[in-house]
Amino acid sequence: MKIPSSIVTLIAGIVITLASLWYGHNHGLLPVAASEEAPLVDGLFDTMMTISTGLFLIVEGTLIISIIRFRRRPGDTTDAAPVHGNIPLEILWTAIPAVIVFIIGIYSFEVYNSMGGLDPMAAHGHKMEAKITRGAAIAGTLSHNNTPPSNQVAVGVGASPEKGVTPGLEINVTGLQFAWIFNYPDSGVVSGELHVPQGREVKLNISASDVIHSFWVPQFRLKQDAIPGQETQLRFTPSKLGEYPVICAELCGAYHGGMKTRVIVQSPEEFAAWLQSQTAAASNNNLNQAIAVNPQEMSAEEFLAPYAEKMGVNPETLAQLHH
């Protein structure tokens with residue numbers, strides 16, 4: 001019994017559609033989603049994966065069937081029938097990709113708008129501080145009080161249309177070769193790790209002190225460049241407790257691969273306790289002016305003093321060794 005080609009085509013279409021839908025939502029290619037913005041990006045990615053899987057199955061399936069069905073038979077030395085083209089088919093395979101690209105473009109536009117990318121400032125009176133410095137040392141001060149203000153408008157992912165203009169927490173982020181520095185202006189805390197509370201919207205004011213860097217947290221599905229002299233911003237709401245890597249996604253020098261830290265999403269109570277402990281430590285050690293010491297500006301004795309103390313080297317032990 002010969003099955004009509006229309007029935008075969010219908011069955012094949014149903015199988016391809018079901019397989020594409022299943023794999024598009026079960027590919028397992030993305031890390032855990034740890035922010036409220038992540039599901040928006042995941043939905044777009046799943047849609048693109050579903051469409052690409054269907055196209056892959058159609059194209060590869062057509063190639064395999066053609067290789068088997070239209071292969072050259074043993075003893076057949078004749079030429080194949082000439083093909084002059086098929087205008088309707090050419091229009092079809094040109095129109096379908098065009099429509100797919102158009103739909104994905106609209107979808108991605110809506111995702112970007114929902115995340116606040118179309119109006120990153122949500123207010124045009126914003127002022128930034130240009131923080132251009134030379135050098136690649138990790139040492140440096142955090143005081144920008146003497147820097148003249150600029151009226152440049154920051155770019156990035158700002159307040160989404162569903163949320164207010166004022167963020168729940170604002171943090172200044174500085175990228176430099178080869179580290180990330182996080183400054184909490186409301187409390188004066190400076191940290192090498194990003195601590196944020198769960199369920200509270202966070203705004204990062206991102207800048208660079210030397211070359212272009214790129215702040216990327218894969219679990220948040222967010223990435224934003226840090227540009228010298230041009231402030232950018234990133235707004236997000238952490239949704240899942242845990243520790244996630246912060247990676248520089250822009251080649252920034254010889255030690256670019258080591259420019260890593262982590263973002264720690266804590267409960268509001270844990271975050272408040274951490275902030276209070278850091279505030280007390282900063283006031284006791286006066287760390288609001290400098291975050292590191294440049295070894296080039298230290299004498300040999302000053303540089304070696306901490307190591308000597310850890311090794312237990314002191315005048316008494318030296319005297320014992322001498323005798």
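This short talk walks through a predicted model, from its overall make-up to its core, its cysteines and two helix residues.

Before the details, a word on conventions: residues are numbered from 1 along each chain as its sequence is written, and side-chain values use heavy atoms, with hydrogens and water left out. Since we are looking at a prediction, local features need pLDDT of at least 70 and side-chain atom pairs count only at pLDDT 80 or more, whereas totals for chains, interfaces and linings use all residues.

Let me start with the whole protein, whose secondary structure comes to six helices and 13 strands, where helices (H or I, at least four residues) and strands (E, at least two) are DSSP runs numbered from the N terminus. Of its 323 residues, 32% count as buried, and by buried I mean under 20% relative accessible area, with exposed being over 50% and partly exposed in between, for a 1.4 Å probe and protein chains only. If we take contact to mean heavy atoms within 4.5 Å, then, among contacts with a separation of 6 or more, 74% come from residues 24 or more positions apart.

Turning to the interior, the largest nonpolar core, that is, a set of buried Ala, Val, Leu, Ile, Met, Phe, Trp, Tyr and Cys residues joined through side-chain atoms within 4.5 Å, has 38 residues, and those with the most contacts inside it include Ile 171, Trp 180, Leu 194 and Phe 220. Strand β8, residues 202–208, gives the most to this core, with four residues. Leu 194, setting aside residues up to four places away in sequence, touches Ile 171, Phe 182, Tyr 184, Leu 204, Phe 215, Arg 262, Val 263 and Ile 264.

What about disulfides, meaning pairs of cysteine sulfur atoms within 2.5 Å? The structure holds zero. For Cys 248, the nearest cysteine sulfur is that of Cys 252, 3.9 Å away, and the two are not bonded because that distance is too far for a bond. Cys 248 counts as buried at 3% relative accessibility, and Cys 252 likewise counts as buried at 6%.

Finally, two helix residues. Ala 12, in helix α1 (residues 5–25), counts as partly exposed at 34% relative accessibility, and its C-alpha lies 9.2 Å from that of Ile 58, although the two are 46 residues apart in sequence. Asp 42, in helix α2 (residues 38–69), is buried, with a relative accessible area of 14%, and, leaving aside neighbours within four places in sequence, Asp 42 is in contact with Leu 30, Ala 33 and Arg 221.

Note on methods: A disulfide is a pair of cysteine sulfur atoms within 2.5 Å.
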